[in-house]
Every structure is written in structure tokens, then in C-alpha cells.
Amino acid sequence: MVDRTMAGQVLLFIWFLSLSSALGQVSYSIPEEMAKGSLVGNIAQDLGLDLKRLQSGKARIYTGDSAEYIELNKERGVLLIKERIDREALCGQTTPCALHLQIILENPIEFYSVTIEVIDINDHTPSFKRDEMRFRISESAVTGAVFVLERAMDLDVGINGLQTYVLKPTDNFSLKLQNQADGSKLIELVLQKPLDREKQEHLSLVLTAIDGGDPQLSGTAQIHITVLDANDNAPVFTHKIYKGSIIENALKDTVVTTVSASDLDEGSNGKVKYAMTNTLDNVPELFEINETNGEVRVTGNIDYEKARHYQIHVQASDDGGLTDSCKIDVDVIDINDNKPLLKIMSKLTTISENSKPGTVVTVINAQDPDAGENGQIDCSINVNIPFTLKSTNNNFFSLVTDSDLDRERESEYNISVTCADEGVPSLSSSVTLSLQISDVNDNAPVFEKSSYEASVQENNTPGLSIFTVRARDADYNQNARVSYILEDSSVNGVPVSSLVSVSADSGVIHAVRSFDYEQIKDFQFRVKAQDGGSPPLSSNASVKIIIQDQNDNAPQVLYPVQSGVSVVAEIVPRSADVGYLVTKVVAVDVDSGQNAWLSYKLQKATDRALFEVGLQNGEIRTVRQVTDKDAVKQRLTVVVEDNGQPSRSATVNVNVAVADSFPEVLSEFTDFTHDKEYNDNLTFYLVLALAVVSFLFIVSIIAILSVRCYRWRRERMFYKSGANLPVIPYYPPLYADVGGTGTLQHVYNYEVCRTTDSRKSDLKYVRPCSESIISLDTSGTQTLTHAQRERLTFDDCDDQQKPPTADWRFTQNQRPGPSGAAATPEVAMGTGPWPNPPTEAEQLQALMAAANEVSEATNTLAPGSMGLTTRYSPQFTLQHVPDYRQNVYIPGSTATLTSNQQQVQQQALPPAQAPVPQPEPPKAAQTPASKKKSTKKEKK
């Protein structure tokens, strides 16, 4: 019996499918969540179509505005899953859930409808939006009191949807389920046993929601009950279902509807409060209810595209915890409030300039979530660009090239795509596409000129920058990078690369070597400009370099030929008339232009009045008639000068003999060479003498400045010193001329420095005293203490000089001087000058003898006399001077050597006696003055 029933159902299904096919409509049923590429059905077989018909008719599926979940395989004639189908996202709670497709064929046009029902599977668990529910129930609540519970939500439908609830424990309450007209179930908590607050104030229950899938899925929620005191009447709504509508984007606080409930109790037990119980959706975010008057107002943004219908669950409760509930159905009215949404599916940011017309650049999808005409879209682009916009299907638009592209003309395009809907007022959106045109090496470098010409001075330095060539390439980046190459060629058999070089990057032409105008006047070569493309493109230009002449060559005299071996002379007869051509100076200059224009001038001549030189031709002619008085030997110096800046010149000596016979000429010109050598040697010695004199003058100046600086520093040191100052005499020749009446050229005094008080640092300079008392310290370092200086200053010295003694008086015969000089009374008294002016040699002899005598007298002086520090140490005694002490004369007749009385007596001189002949002293070197004197004496 069961088999027959099953067979009958199969036959009935086949008959129904055949009937549907005959009417051009096919239906399929598939479960949700099928994998991509899963088979839906063989549409070609079910519609009775041939596979060739599907291919030739360009069969395609049209789904309208819905997403494409199904695709057609024309080769196999089957329908396949294109995208995973979620029934809950597609249809929500609507049953049955179906996809409606249309299959369209062309040539001829045929239309078939396909309905695919999506069957729900148990892929969602029942859940409560709130994990806890709280109730306040009066203990006076009668048995059977009903409390509405929050319902669980299960997105599945049918048997997989929510089926039942289970409550644990069930000591005081039980569950009551009521089916609603929309298929949902109202769950109520029913009091089965009266509550006693004194026994149990709080109750905790567990509510479990179970669906009918296999396996079953469930969700739980906690119910917390607080037992209150007496309230035996619950609020009651006037309607169980309320209706309302609202336009999208309605302003906040817009009233949707008003609900009302009444409670027969009085006082606080009869005061009703309203609250929304929606917990699983976003209704509390969009609406609110006034808990006092039941007004429902808008609080959020109402969007038709998000939800077209809302259900608001409202609960009324009194202070006793009794409640009642109702439902508000709100419909949303659409307005044109959405701009088209533009989405770039794929795009190119760069396109080659050699792309063919029709190349797809960008694919754009435009969607408008509004309904009806508000969702119809039309797109366009800006004009005057080589692009166009083509519409495909399902609001897809392709941006393609419309003509050839040229990067050099336009390297970048900013394409604005604008899409507008058909609503009133129309809304639009736009997107700007930035498209770069990539370069193709289609342009060769171009020189600014096809030929260049530059000039450079000769004798340039190697590496000099001569000229710069430039080429431009309209391409971009590497394709526009120009490199300059010197093409191989030769100039007069020499490679051009040995003359110039070209900088590969800048195009600067450098000279490789120094040019010589006399060797090469100009030369040409070619420079190639090559870009960096692949393959590279190039062009070339011609460059001509002109060498400019400089005046770097002096004139060269060709005639007369200058030779140091022999003397060549031109003979002029004494009978020559005015204008007689003596000779012609021939010179050349290898420079060119003005630098080679030569002029001739007569620089020196033995007789300038006799000869002249032609300024332009260099001809030497006589100016006057030659006479017998004119010298036979004539020497002319001719200067040949060019016209350069600065000019260069050459000189030539022309020897002219004014004679009528050759022997006369030969005798006069034999000493030319000797005279020349004499003049050259004389010039050399003059220059050498000038250099030596200059050097000696500079050395003398430096020595004088050094001595003066040294004296100044010594004086400053003595001035700043303390109490015990050394007495530093100043006597260069170790003796003193105290009277100033001697024969020396200078008067020498001893300077004594002392302080007026040892506690003070300032010094007092006084007149020299005791100048006749000399004490020599052989070591040269003896100083006097302060007490000794005081004693010598105040006890042994007076402000007046002591009278001289006759101890060291000498007669005229004892004094050095010229032999045969007679003594006069003035000389005997020591107050007169020398009888005859002494020569410099005699003065020098007297000075050296006196110095040596004073040195030997040092040992006879008693200690304690005024300390005197010698300026020279003992090793500087004149040991190599012959002994002339018997003829010593101390210049200054008032000089007195003083010691103790015994030494004075011992040092007394014997009476005057005849002079003892002495060996002749060596003569000093004769000065120019003494030489002249001796010459005069010899003449006399």
C-alpha cells in the first residue's frame, strides 16, 4: 500500500513538471547554503531545448535588481549555483522563499520563467536577546495569572524554526503557548500555585527555547521573579494590534501612533506604565514610547532601504507587577534620498599611448537602493576626451578608449563619471578617474639647430669648455634621457676624439688639447644625440670649431742673418747720395691678420742723422749725403714689431761700413765681438753689486732695531726692579773719556742707578760721580749692596768732580800720534787737542792700547770701590794686538785712576824721558779717504 502511494506521488510530480514545461515555466527546489557550482537542474532538458539552440540564441539569465545567485552553463544546458544562498538573508521569515529567473533567447526571441524555491535548513539556534527577564508579581496574584515572556527568535522557518519552550522548575509556574496569526507563538508564564512572599521572596526559573531541526538546537534565558504584595487587576490594552506609517528620514520626535491600556485598580496599583519589549532588533534605537501616555515617537534614522516594515511590542504594567501587551505595525514610505552608489570594479591607472581604440580602461557598477523611478540610473562622462562610456547590463558601465592616444599631447586625463537617478529631484554621484598615459619611445631627440659654430682662442688650456649642444626629446623619463656621443671622424688624418670630447650628460664640448692656429684653422665634426629608449632613437648635428689667432709668435728676422761667429757688414760708399739703399731688413710673422702686420723702427744708431728705416718695408736708406767725417763703423739696431695686442717684437743689429775699400772695413770690425762681451759682463756686475748693497742695508736696519729694543727692555727692567739693583756701567771700550776734551768722537759716561729709599720702587737718576774711580770685576757679575751704594754716594762722592791728578799725564812724545809731532804747552797740560789731526788707523791703535792697559790695571784696584760690571768678559781682551802700552794715551786729560794711597804711590809714573823707539805698528786697511791722502802725498 505504501509503495503504491509513493508511485502515485512520483507520477503526479512528473505530470506537474511536464505541464509546467509546456507552459514555459520550470520550478526547482534546492536547499540553502549549497556550494558554488552545485547543480540546480537541467534546464535544457526540462524546457525541451537543444544545446545548440541555447548557444545560438545567446541564452542568458535575467534576475532584475536581485543578486545573481544562479548562472547558466550553455555548454551543458544546466543551472548552477553562482553564489552561496542564505535563505534568512534572502527572504527572512517569508515562506516559501523562491528565486524568480527569466531565461531569454534571441533569434527568435523566447522567454522562459524559472522559479527556484530555497528550502530552509536548521543552521540557526533559538536565542533570546536578553539573557535575564525580571518580574515583580504580587503575592495576591490568583492562580492562573498570566505573565507574558520575551519570545526567542529563530531565523529558521518551518520545522527548523522555534517549536516549543521548556520551563524549569515548575513548582509555581507553567508555560502557556498561543499561536498567533502570523505563525509566531506567544509565550506566557501562568501562575499555578499562589505565591507567599514571606516564605520565598525571589524565584529563579530557566526558560529553554527548542527548535524542530535534526539535531535540535536550543537557547536559554533566566527568569527572576520578585514577589510583591496585593494587586489583583492587570492593565488591559484597548487594541491588541495598532497600525501606523512613517516616511523615511522622518524628523526626530515625530509621533508614529499612541497606545492605551487601563487598570481597574486604584492608586499606585492602577497606575499604568508603558515600555517596549523589542530586544532582538534595532527598534529601541529608532523608536521610543512615553511610559506615561503611550506615545510612540521617532528617535533614530528611518531608512526605507534598510527596513520597509517595523513591529513594535509594547507592554503595559502597573506598580503591582501585572502586565499586558500589544503590537504596533509600522510601514515605512520611500522617498528619493539616496544618491547612486558608484563602485569601481576594475580599473587601469596607466595605459600605454599606443593602445588601440576600444581598450577597456575601467568597469563601474552603479547602484541606487531607492525603489521605482528613484532607483533608475543614467551615467555620462566629460566631453572632448578620447574616451566613451558604454552600458552593459545590470547597471554596469565600461569606460573604453574612443581614439588614438598621444602622451606628448596629453600625459594625464582626469575623467569625471557622473551617474544620476530619475527621481524628483534627481540625485547624482560622480567619481574622478586619474589615468596616466605611459610613454612609448616614439620621438627621436631633436637638436636646437642642425649645425653649430663656435670659436676658441688658440693656446687654450686642455679641458676648456668650448660650447654646449642641446637636444630635446618629447618622450618621458628614460625615453627622454638624452646622451651625447661624438661620432668617429678625422681631421687632417687625426681622430677628432684627440681634439675635442663631448660630455655624455650635458653636451658640453671640451678641448682635449691646446690648439695652435698656425697648425689648424678650423675643423668640423658631428655629435649624435641618442635617447634611452628601447630601441633607442637618435639624431645628429654638425659642429664647426673655428680657432682664433693670438699674437703668440714674435716676428722672425730672415735677413740679415744674425750669427755670433762672424760679423756681416753692409758697405756704403762715401759717395752715396741721399736715399741710397743700404740694405733691407726682411722679417716674417707666422700669425695672421693684424698680428702679422709688421712695422720697422730704428732703435739705436751710431749716427741717427745718417740712416732711416722704412716703416712698412724695412728698407735702410741714407738720409743725407755721406761725408768724410762720418765714422767708418756704423752700428744700427732695428726693431721689428707686429700689430698684436700686446705686440711682440724682434731686434736685429745691422753693421754698416762707410768705406770705399775692403781692408779699411776689415780693420774696423775686428773688435765687435769683444765689445759685446764687455757690455754683457758689465751689466752682470752692476746687477750683482746692487743686490749685495741692498742685502747689507736690510741687515743693518735689522741689527739697529734689535739693539735699540734690547736697550729699551734693559732700562725697563732696571726701572721696575727692587731695592738691590746692580750697578751696570755703560763703557763699550772698557775706559771713559770724562772730560770730553780728548780726541775721541764720543764722550762716554758711566750711569749709576740708585733708589732714594729701599722701600720704594721708583728710581732716581743722578749725575755720574766718581767717574775716575774704576773697579773691575773679572767675572763681570759683581754688584754693590744698598749700604755700599749709600756710602759711595754720600761719603766718597760730591756733586762736583774732583780735580785731576798728574799721575797719568803723558807728554806729547808719550802719546800715540804721527812721528815728529812737537809738544806744545797746551798739550803738556792735557787741555789742548792733538797737534795734527790723527788718521783713523792711529785712533784705532790708541783705542786698542788703552783698553788693554785698563784690563791689566784691574788687579791694582782696592775692593770696596764703586762696583762696575764689565760689558765684556775677560776673553775679549785684545790679545792679538801688538803691545803699544808705552805709548798709551787715555783720551780725556782729566781721567784719574784712584785707589788706596799705597797703590797710588806704586803707580806713580817716572819722570819724563826720551821716547824709546818702538817697532812700527801694522798699518790698518786703507780706506778710500786714506788712499786719496796717500796718493796726494806721493804726488807731493
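**Entry 1: the chain as a whole**

What percentage of the 940 residues in the chain do buried residues make up? I found that buried residues account for 37% of them. I note at the outset that I am reading a predicted model.

I then looked up the secondary structure, and the chain has 12 helices and 53 strands. Next I turned to contacts between residues at least 6 apart in sequence, and I recorded that 67% of these join residues at least 24 apart. For the surface, I noted that the chain exposes about 54900 Å². Carbon and sulfur atoms supply 52% of that exposed area.

**Entry 2: a nonpolar patch**

Which residues make the nonpolar surface patch of about 720 Å²? I listed Phe-684, Tyr-685, Leu-688, Val-692, Phe-695, Leu-696 and Val-699.

I chose Phe-695 for a further look and located this residue in helix H7, which covers residues 672–720. Is Phe-695 buried or exposed? Phe-695 has a relative accessibility of 55%, and because exposed means over 50%, Phe-695 counts as exposed.

**Entry 3: a sheet of four strands**

I examined an open sheet in which four strands follow the order S24-S26-S29-S28, and the pairing is antiparallel. Which strands are the edge strands? They are strand S24 (341–347) and strand S28 (387–391), and each of these pairs on one side only. On average, neighbouring strands of this sheet are turned by 25° against each other, direction ignored.

I then followed S28 to its partner, strand S29 (residues 396–401). How many bridges join S28 to S29? I recorded five bridges, and the two strands run antiparallel. In this part of the model I also found Ser-391 standing opposite Phe-397 in S29.

**Entry 4: salt bridges**

Side chains of opposite charge can pair when their charged atoms come close. I noted that the structure holds 18 salt bridges, and I looked up several of them.

In one salt bridge, the side chains of Arg-130 and Glu-150 meet at 3.1 Å, N to O. This pair links distant parts of the chain, the two residues being 20 residues apart. I placed Arg-130 in the loop between strand S7 (110–119) and strand S8 (132–138). Glu-150 lies in the loop between strand S9 (146–148) and strand S10 (162–168). Arg-130 counts as partly exposed because its relative accessibility is 42%. Glu-150 has a relative accessible area of 9%, so Glu-150 is buried.

Lys-240 and Asp-324 form another salt bridge through their side chains, at 3.0 Å, N to O. How many residues apart are Lys-240 and Asp-324? They are 84 residues apart, and the pair links distant parts of the chain. Lys-240 is in the loop between strand S15 (236–237) and strand S16 (241–247), whereas Asp-324 is in strand S23 (residues 323–333). Why do I list Asp-324 as buried? The relative accessible area of Asp-324 is 10%, and buried means under 20%.

I also recorded a salt bridge between the side chains of Arg-407 and Glu-408, at 3.5 Å, N to O. Arg-407 is buried because its relative accessible area is 10%. Glu-408 is partly exposed, with a relative accessible area of 27%.

Which residues are linked in a network of salt bridges? My last note here is that Arg-87, Glu-88 and Asp-120 are linked in such a network.

Conventions
Residues numbered from 1 in each chain as written. Predicted model: local features only at pLDDT ≥ 70, side-chain atom pairs only at ≥ 80, totals over all residues. Heavy atoms only, no water. Buried < 20%, exposed > 50% of the residue type's maximum accessible area, 1.4 Å probe, protein only. Contact = heavy atoms within 4.5 Å. Areas by Shrake-Rupley, 256 points an atom, 1.4 Å probe, with all protein chains shown as cover. Patch = residues over 30% accessible without salt bridge, like charges linked within 9 Å, V, L, I, M, F, W, Y side chains within 5 Å. Salt bridge = Lys/Arg side-chain N within 4 Å of Asp/Glu carboxyl O. Pairing = 2+ DSSP bridges. Axes fitted to C-alpha atoms, helices over the stretch in contact; angles between N-to-C directions.
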